[in-house]
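Reader: I would like a close look at a single part of this protein, the residues that a database record marks as a binding site. Please take me through them slowly.

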Amino acid sequence: QKHLLGIEHLRPDEITAILDLADQYVDLNRRDVKHSDALTGLTQINMFFENSTRTQASFELAGKRLGADVMNMAMQASSIKKGETLIDTAMTLNAMHPDLLVVRHPHSGAVDLLAQKVNCAVLNAGDGRHEHPTQALLDALTIRRAKGRLHRLNIAICGDIAHSRVARSNLILLGKMENRIRLIGPPTLMPSQIGEFGVEVFEDMREGLQDVDVVMMLRLQKERMDGGFIPSEREYYHRYGLDAEKLSHAKDDAIVMHPGPMNRGVEIDGEIADDINRSVIQEQVEMGVAVRMAAMDLLARNLRAERRNQPVEV
Ligand code: CP
């Protein structure tokens with residue numbers, strides 16, 4: 001693959017290859033000296049048109065630990081503010097010969113469009129409601145390490161499915177790896193085309209969580225509700241917030257996940273989020289660095305192979 005634009009473009013064996021390499025980077029990241037030369041000599045530019053803590057920090061750390069020259073574009077201070085288009089901005093940066101471009105954008109499809117205009121590898125760090133592929137990969141690695149496998153698990157994805165690129169990428173990935181997926185949430189927060197994914201849908205948390213191995217909570221994404229129905233936080237927590245009583249319907253060893261940023265007392269009870277016997281939320285963050293290292297390492301190998309096969313331009 002030249003780019004990492006979405007899970008929909010990856011085969012199961014490619015997903016496994018990324019996770020296997022990421023496992024090696026978890027070991028590297030736990031050492032005193034966290035350095036590899038996998039990206040030495042390459043330039044990585046991070047362009048985030050939407051706020052981020054986890055994804056931006058982990059892509060930056062991942063690039064630096066692999067030896068890349070990393071530049072974070074301050075998009076709020078860029079010429080986008082003067083009316084320059086996304087494509088013109090990308091073409092401008094492309095003329096500076098980056099090798100890896102990491103892009104987050106509020107519009108679905110924007111990162112795919114940009115990838116068609118540049119000649120470096122592009123990684124999607126989240127585009128609108130469409131995809132967040134490295135989030136799904138880090139979630140998959142977290143599940144595989146906690147459960148010892150990534151197939152035939154009962155996995156519940158709960159909450160605001162309709163506006164979530166995390167849910168969409170996870171649905172695709174976990175489906176490709178042959179897991180049984182349940183979606184739990186109010187009908188107002190379910191996508192209309194959910195039938196195409198072949199999953200079970202529940203309106204009731206207690207019913208949906210029955211005997212699941214993995215409970216994946218989602219944030220209420222008010223910024224994407226475009227003036228539509230926004231549930232009251234109090235009512236939402238009562239019906240869909242994960243607390244000890246609702247979690248008791250899952251398997252005794254079920255793990256609790258949340259991609260962050262989380263709203264305690266809205267999607268999840270703070271004590272559940274901090275319970276080290278159930279919650280793997282901090283592991284998800286740790287896996288995020290390793291997965292992004294693996295993804296960039298593999299794309300860089302493909303980029304170098306492609307360049308070796310091209311005649312040198314003079
Ligand atoms: N999970 C996630 O994408 O978090 P950030 O928005 O902080 O990057």
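Author: The UniProt entry, which is unreviewed, places the feature "binding site" at Arg54, Thr55, Arg104, His132, Gln135, Gly260 and Pro261. Of these residues, Arg54 and Gln135 are included in the lining of the largest cavity. The model is a predicted one.

Two of the annotated residues, Arg104 and His132, can be followed further. Arg104 belongs to strand 3, which covers residues 100–105. Its relative accessibility is 7%, so Arg104 counts as buried, the cut-off for that word being under 20%. Leaving aside neighbours within four places in sequence, Arg104 is in contact with a list of residues that includes Met47, Phe48, Phe49, Glu50, Asn51 and Ser52. One of these, Asn51, has its backbone oxygen 2.9 Å from a polar atom of the Arg104 side chain. The contacts of Arg104 also include Thr55 and His132, both of which are named in the UniProt feature.

His132 sits in the loop between strand 4 (121–127) and helix 5 (133–147). Because its relative accessible area is 3%, His132 is buried too. Among its contacts, again leaving aside neighbours within four places in sequence, are Val166, Ser169 and Arg292. Thr55 and Arg104 are in contact with His132 as well.

The side chains of His132 and Arg104 make a polar contact at 3.2 Å. Some partners appear for both residues: Ala125, Gly126 and Arg165 are in contact with Arg104, and Ala125, Gly126 and Arg165 are also in contact with His132.

Conventions. Residues are numbered from 1 along each chain as its sequence is written. This is a predicted model: local features need pLDDT of at least 70, side-chain atom pairs count only at pLDDT 80 or more; totals for chains, interfaces and linings use all residues. Side-chain values use heavy atoms; hydrogens and water are left out. UniProt positions are given in the numbering used here, feature names are shortened, and annotations may be inferred rather than shown by experiment. On a 1 Å grid over the protein atoms alone, a cavity is a set of points where a 1.4 Å probe fits but cannot get out, and a pocket is an open set with protein on both sides within 12 Å along at least five of seven lines; lining residues have an atom within 4 Å of a point. Helices (H or I, at least four residues) and strands (E, at least two) are DSSP runs, numbered from the N terminus. Buried means under 20% relative accessible area, exposed over 50%, partly exposed in between (1.4 Å probe, protein chains only). Contact means heavy atoms within 4.5 Å. A polar contact is a pair of N or O atoms within 3.5 Å; within protein, one must be able to donate a hydrogen and the other to accept it, and residues adjacent in sequence count only if both atoms are side-chain atoms.
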